[in-house]
Amino acid sequence: MDLAVVSADVTAHATDALVVNLFQGVAGPGGATGAVDHALGGLISRLIADGEIKGRSGEFTLIHTPADRYSGLAPRRVLVAGLGATAKFDLDAVRSVTAEAVRRLERSGVKRAATIVHGAGIAGLSPLACAEAIAEGAVLGGYRFDRYKTSSNEDADPRLGLLELVERDNGRLAAIEEGVRRGRVLGEAACLARDMVNEPANAFPPSKMADAARKVAADSGLTCAVLERADVEKLGM
């Protein structure tokens, strides 16, 4: 999955799906979600009033936005993600909601999506930290171990090829870009560990794990020392 940071108005940014958010108990959305609600003619507010959208943690509502009806909104779909109670909201919640949003979008066939920077608005969290959590969550949410599956499985969900973090405030872009860089590193490292754990033992013996460590070190400009049996015995391990 590619990750990118875009300076744009969320309502004018063309994408297959835009992820916005809502805290539990909010009757009228504000910020970026409010701007999207306005472009939708108040549809999100009506769904809140009808009780269909409650903002609960783990709640996702996909809204289709046909151009002939909502000409003021560029995204083809809007995914409203519930963030739960504001008192319990933290960076772990940002990471989790992004991971689940990616899985939901992939099940809906979305290949290119955008998201607002969850937590950097009303929650008052650091834009850098929020972007890091989003990037990490996106990479983890898109993880699959399918090395031994055949490519003829027509029922497999498509991969999300691009997730863009959309930010209107140019003063935040550098911090968000750095957060995305860090989050990608953390997410890819976790996925590498998952790959090693998921490999059959006969296909991934300790020697292969050592080879993987050497490659990571070489790619990152680090030194790597692999201990053989004699080294381990000498250290009393």
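Me: How many cavities of 30 Å³ or more are there by this count, and what volume does the largest cavity have?
Reply: This is a predicted model, and the values are computed from it. The count of cavities of 30 Å³ or more comes to one. The volume of the largest cavity is about 50 Å³.

Me: Which helix gives the most to the lining of the largest cavity?
Reply: The lining includes Thr-98, Ala-101, Val-102 and Leu-105. The helix that gives the most to it, with four residues, spans residues 91-107. That is helix 3.

Me: How do the lining residues of the largest cavity divide into nonpolar, polar and charged?
Reply: Val-19, Ile-134 and Leu-163 are among the lining residues, and so are Thr-115 and His-118. No residue of the lining is charged. The division is six nonpolar, three polar and no charged.

Me: In what order do the six strands form the open sheet?
Reply: Strands of a sheet pair through backbone hydrogen bonds, either parallel or antiparallel. In this sheet the pairing is mixed. The order is 1-6-5-2-4-3.

Me: Which strands stand at the edges, and why is one side of each left without a neighbour in the sheet?
Reply: The six strands form an open sheet in the order 1-6-5-2-4-3. Each edge strand has a single partner strand, so one side of it is left without a neighbour in the sheet. The edge strands are strand 1 and strand 3 (60-64).

Me: By what angle are neighbouring strands of this sheet turned against each other on average?
Reply: The sheet is open and holds six strands. With direction ignored, the average turn between its neighbouring strands is 25°.

Me: Which residue in strand 6 is the bridge partner of Leu-3?
Reply: Strand 1 (residues 2-7) and strand 6 run parallel and are joined by six bridges. On its other side in the order 1-6-5-2-4-3, strand 6 is joined by four bridges to strand 5 (residues 112-115), also in parallel. There Thr-115 has Leu-165 as its bridge partner. For Leu-3 the partner is Leu-163.

Me: Which residues point the same way from strand 6 as Leu-162?
Reply: In a regular strand the side chains alternate between the two faces of the sheet. Strand 6 (residues 162-167) is mostly covered, with six of its six residues buried. Leu-163, Leu-165 and Glu-167 point the other way from Leu-162. With Leu-162 go Glu-164 and Val-166.

Me: Which residue in strand 4 stands opposite Val-20?
Reply: Strand 2 (residues 17-23) and strand 4 (residues 77-84) run parallel, joined by six bridges. The residue opposite Val-20 is Val-80.

Definitions and conventions
Residues are numbered from 1 along each chain as its sequence is written. This is a predicted model: local features need pLDDT of at least 70, side-chain atom pairs count only at pLDDT 80 or more; totals for chains, interfaces and linings use all residues. Side-chain values use heavy atoms; hydrogens and water are left out. Buried means under 20% relative accessible area, exposed over 50%, partly exposed in between (1.4 Å probe, protein chains only). Helices (H or I, at least four residues) and strands (E, at least two) are DSSP runs, numbered from the N terminus. Two strands pair if DSSP finds at least two bridges between them. On a 1 Å grid over the protein atoms alone, a cavity is a set of points where a 1.4 Å probe fits but cannot get out, and a pocket is an open set with protein on both sides within 12 Å along at least five of seven lines; lining residues have an atom within 4 Å of a point. Grid points are joined across faces, edges and corners, and a volume is the space filled by probe spheres set on the points. Ala, Val, Leu, Ile, Met, Phe, Trp, Tyr, Cys and Pro count as nonpolar, Asp, Glu, Lys and Arg as charged, and the others, Gly among them, as polar. Axes are lines fitted to C-alpha atoms, for helices over the stretch in contact, and angles run from 0 to 180 degrees between N-to-C directions.
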